[in-house]
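Dear colleague,

I am handing over the structure below, together with an account of what was found in it. Please keep it open while you read, as the notes move from one part to another.

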Amino acid sequence: MTRSQPRFGRMIPAMVTPFDREGELDLARTEQLVDRLIVGGSDALVINGTTGESPTVFYPQKMDLFRTAVSAAAGRVPIIANVGDNCTADTIGFAADVQKLGVDAFMCVVPYYNKPPQEGIYEHFRAIAASVDLPVVLYNIPGRCVVNMTAETTLALAHDCDNVVAVKEASGDLDQIQAIIDGMPEGFDVYSGDDSATCEIMRRGGSGVISTAGNVAPERMSEICELAAAGEWEAARAASDAFMPFMEGLFATANPILVKEALALVDFPVGGVRLPLVDATPEQSDRLRQIMRQVGVLD
């Protein structure tokens with residue numbers, strides 16, 4: 001059974017980062033997107049995560065993005081700032097600066113490229129958690145980071161660090177996710193890092209999802225989460241299955257290429273992606289349009 005009141009709620013879009021025609025930050029559009037997602041039923045927002053193109057948004061731009069999101073949210077929902085990097089010292093220094101902006105929590109990804117052992121992952125996150133006052137959400141995504149943070153490492157951090165309060169689990173390993181749920185301390189939250197696994201992870205005791213699809217149709221993702229939270233599993237599974245072609249279709253190429261294209265198709269353009277990502281091809285856009293009509297996101 002899922003807990004009644006997760007700290008950050010259940011449906012949390014990993015917000016895309018709007019760019020203008022020249023590929024620069026579009027802060028005015030960022031304000032509008034924050035409002036659109038909150039009005040659509042989002043419980044919190046992750047800013048500048050994977051879906052927000054964090055590898056190509058440099059530190060000064062991240063600061064502008066976080067500052068704008070905090071201002072636009074105006075206290076309506078928590079703002080979770082992705083400050084994670086593959087250098088522990090840089091992450092700690094950056095988090096200290098971001099903490100002053102009024103964000104509500106940090107998300108930190110497993111260090112990528114370095115290929116640290118589990119002890120290194122543990123020490124990395126423990127050092128970050130000890131250096132900040134805000135809650136920390138761990139982010140395990142071995143498909144991008146090369147290494148997987150094991151359930152044992154996640155649980156050690158959850159038990160040893162009071163402000164490590166949640167994990168976004170995108171390993172795709174349901175046995176690992178179940179082990180975290182079974183061993184987590186009271187007040188810890190496990191979020192699905194894959195939209196398509198949301199219903200199943202919540203059935204196992206997870207709290208919700210940090211979502212890509214929620215950028216486009218927050219109401220639909222919120223419906224799935226709320227039905228699951230209420231224990232209405234048949235209805236939750238039906239809502240998830242009906243939306244599955246879109247949740248899976250967004251990942252036909254590298255994220256966030258198609259979620260940005262989807263926003264353009266629903267008449268809320270947020271610009272293109274920055275190299276080395278490239279915009280959707282006409283064929284990809286046509287296929288996405290068909291899926292969106294199939295699931296009722298587009299007329």
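**Salt bridges around helix α8**

At 16% relative accessibility, E200 counts as buried, because buried means under 20% relative accessible area. Please bear in mind throughout that this is a predicted model.

The side chain of E200 meets that of R203 in a salt bridge, with 2.6 Å from N to O. Both of these residues lie in helix α8, three residues apart, which is about one turn of the helix. R203, unlike a buried residue, counts as partly exposed, at 44% relative accessibility. E200 also meets the side chain of R237 in a salt bridge, here at 3.4 Å from N to O, and this pair links distant parts of the chain, since E200 is in helix α8 and R237 in helix α10, 37 residues apart. With a relative accessible area of 30%, R237 is partly exposed. Taken together, E200, R203, R204 and R237 are linked in a network of salt bridges.

The structure holds eight salt bridges, and another one of them joins R289 to D286, where the closest N and O atoms are 2.9 Å apart. R289 and D286 are three residues apart in helix α12 (residues 282–295), so they are separated by about one helical turn. R289 counts as partly exposed at 24% relative accessibility, and D286 is partly exposed as well, with a relative accessible area of 41%.

**Strands β6, β7 and β8**

Helix α8 (residues 198–203) also belongs to a right-handed β-α-β unit, which it makes with β7 and β8. Strand β7 (residues 189–192) has D189 and Y191 pointing one way and V190 and S192 pointing the other way, and all of them are buried. In a regular strand the side chains alternate between the two faces of the sheet.

Strand β7 pairs with strand β6 (residues 164–169) in the parallel sense over four bridges, and in this pairing V167 stands opposite V190 of β7. A right-handed β-α-β unit is made here too, by β6, helix α7 (residues 174–183) and β7. Towards strand β8 (residues 208–211), β7 is joined by two bridges, and these two strands run parallel; the bridge partner of Y191 in β8 is G208.

**Aromatic rings**

How many aromatic pairs does a search of the whole structure find? There are three. F66 and F94 form a tilted pair, 6.3 Å centre to centre with 40° between the planes. F66 lies in helix α2 (residues 59–73) and F94 in helix α3 (residues 88–99), so this pair ties together parts that are 28 residues apart in sequence. Both rings belong to buried residues, F66 being at 0% relative accessibility and F94 at 4%. F243 and F246 likewise form a tilted pair, 5.2 Å centre to centre with 40° between the planes. These two residues are three apart in helix α10 (residues 233–249), and therefore separated by about one helical turn. F243 counts as buried at 0% relative accessibility, and F246 counts as buried at 0% too. Ring pairs also link Y59, F66 and F94 into a cluster.

Finally, the ring of F268 has the charged end of R29 sitting over it, 3.7 Å from its centre, while R36 lies over the face of F268 at 5.3 Å from the ring centre.

With best regards

Notes: Residues numbered from 1 in each chain as written. Predicted model: local features only at pLDDT ≥ 70, side-chain atom pairs only at ≥ 80, totals over all residues. Heavy atoms only, no water. Buried < 20%, exposed > 50% of the residue type's maximum accessible area, 1.4 Å probe, protein only. Pairing = 2+ DSSP bridges. Right-handed = clockwise from strand over helix to strand, strands pointing away. Phe/Tyr/Trp six-rings, centres within 6.5 Å; stacked < 30°, edge-to-face > 60°. Lys NZ or Arg CZ within 6 Å of the ring centre and 35° of its normal. Salt bridge = Lys/Arg side-chain N within 4 Å of Asp/Glu carboxyl O.
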